[in-house]
Amino acid sequence: GINQHSGLNQSEKTIGLLSAGCLVGRDDAEHKAFMKLIKTDPRFRHAIKGYTYMTTVIAGDDLAKKVPL
């Protein structure tokens, strides 16, 4: 699996050292806010003990072409 975790406020130059293929949020406060948000999902809160979130990784430039702002 691919994990989502904090980059512990590493610089842009060193953030890559914390990821062995994981999705890493460089800023710790933003990562914590992200985790707080996804934990509001009813599947996590009520339905399945140990619910695992599914993630789709889309290149930002590709996403912008498909879903313009």
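This dialogue shows how several features of a predicted model can be read.

Biologist: Let us begin with helix H1. Which residues of helix H1 are buried?

Modeller: The model is predicted, and the statements here rest on it. Helix H1 covers residues 28-38, and within this helix Asp-28, His-31 and Ile-38 are buried. Viewed down the axis of H1, the buried residues fall within an arc of 90°, so they line one face of the helix.

Biologist: Which residues lie on the other side of H1?

Modeller: Ala-29, Glu-30, Lys-32, Lys-36 and Leu-37 are exposed on that other side.

Biologist: What do the buried residues of H1 pack against?

Modeller: Their partners are strand E1 (4-6) and strand E2 (23-25).

Biologist: What is found at the start of H1?

Modeller: There, Asp-27 places a side-chain oxygen within 3.1 Å of the backbone nitrogen of Ala-29.

Biologist: I should like to turn to charged side chains. How many salt bridges does the structure hold?

Modeller: The structure holds three salt bridges. To read them, one idea about helices is useful. An α-helix has 3.6 residues a turn, so residues three or four places apart point the same way. In helix H1, Lys-32 and Asp-28 are four residues apart, about one turn of the helix. Their side chains meet in a salt bridge, at 3.2 Å from N to O.

Biologist: Why does Lys-32 count as exposed or buried, and what of Asp-28?

Modeller: The cut-offs decide this: buried means under 20% relative accessible area, and exposed means over 50%. Lys-32 counts as exposed because its relative accessibility is 54%. Asp-28 has a relative accessible area of 17%, and is therefore buried.

Biologist: Which residue forms a salt bridge with Lys-66?

Modeller: The partner is Asp-62, and the closest N and O atoms are 3.7 Å apart. Both residues, Asp-62 and Lys-66, lie in helix H3, four residues apart, about one turn of the helix. Asp-62 is partly exposed, at a relative accessible area of 30%, whereas Lys-66 is exposed, at 60%.

Biologist: Which side chain meets that of Arg-43 in a salt bridge?

Modeller: The side chain of Asp-41 does, with 2.5 Å from N to O. Arg-43 counts as partly exposed, at 42% relative accessibility, while Asp-41 counts as buried, at 15%.

Biologist: Let us consider the surface. Which residues form a nonpolar patch there?

Modeller: The patch is formed by Ile-58, Leu-63 and Val-67, which together have about 250 Å² of accessible area. Val-67 is placed in the segment after helix H3, which covers residues 60-66.

Biologist: My last topic is the backbone. What is phi of Leu-8 near, and what is phi of Asn-9 near?

Modeller: The general idea comes before the case. Most residues other than glycine have a negative phi, and most peptide bonds are trans. Leu-8 has a phi near 55°, a positive value in a residue other than glycine. For Asn-9, also a residue other than glycine, phi is positive and near 65°.

Biologist: Where does Leu-8 lie, and where is the place of Asn-9?

Modeller: Leu-8 lies in the loop between E1 and E2, and Asn-9 has its place in the loop between E1 and E2 as well. Leu-8 counts as exposed, at 56% relative accessibility.

Methods
Residues are numbered from 1 along each chain as its sequence is written. This is a predicted model: local features need pLDDT of at least 70, side-chain atom pairs count only at pLDDT 80 or more; totals for chains, interfaces and linings use all residues. Side-chain values use heavy atoms; hydrogens and water are left out. Buried means under 20% relative accessible area, exposed over 50%, partly exposed in between (1.4 Å probe, protein chains only). Helices (H or I, at least four residues) and strands (E, at least two) are DSSP runs, numbered from the N terminus. The arc is that of the directions from the helix axis to the C-beta atoms. Contact means heavy atoms within 4.5 Å. A polar contact is a pair of N or O atoms within 3.5 Å; within protein, one must be able to donate a hydrogen and the other to accept it, and residues adjacent in sequence count only if both atoms are side-chain atoms. Patches are made of residues with over 30% relative accessible area and no salt bridge: like charges are joined within 9 Å, nonpolar side chains (Val, Leu, Ile, Met, Phe, Trp, Tyr) within 5 Å. Accessible areas come from the Shrake-Rupley method with a 1.4 Å probe; for residues, only the protein chains shown count as cover. A salt bridge is a side-chain nitrogen of Lys or Arg within 4 Å of a carboxyl oxygen of Asp or Glu.
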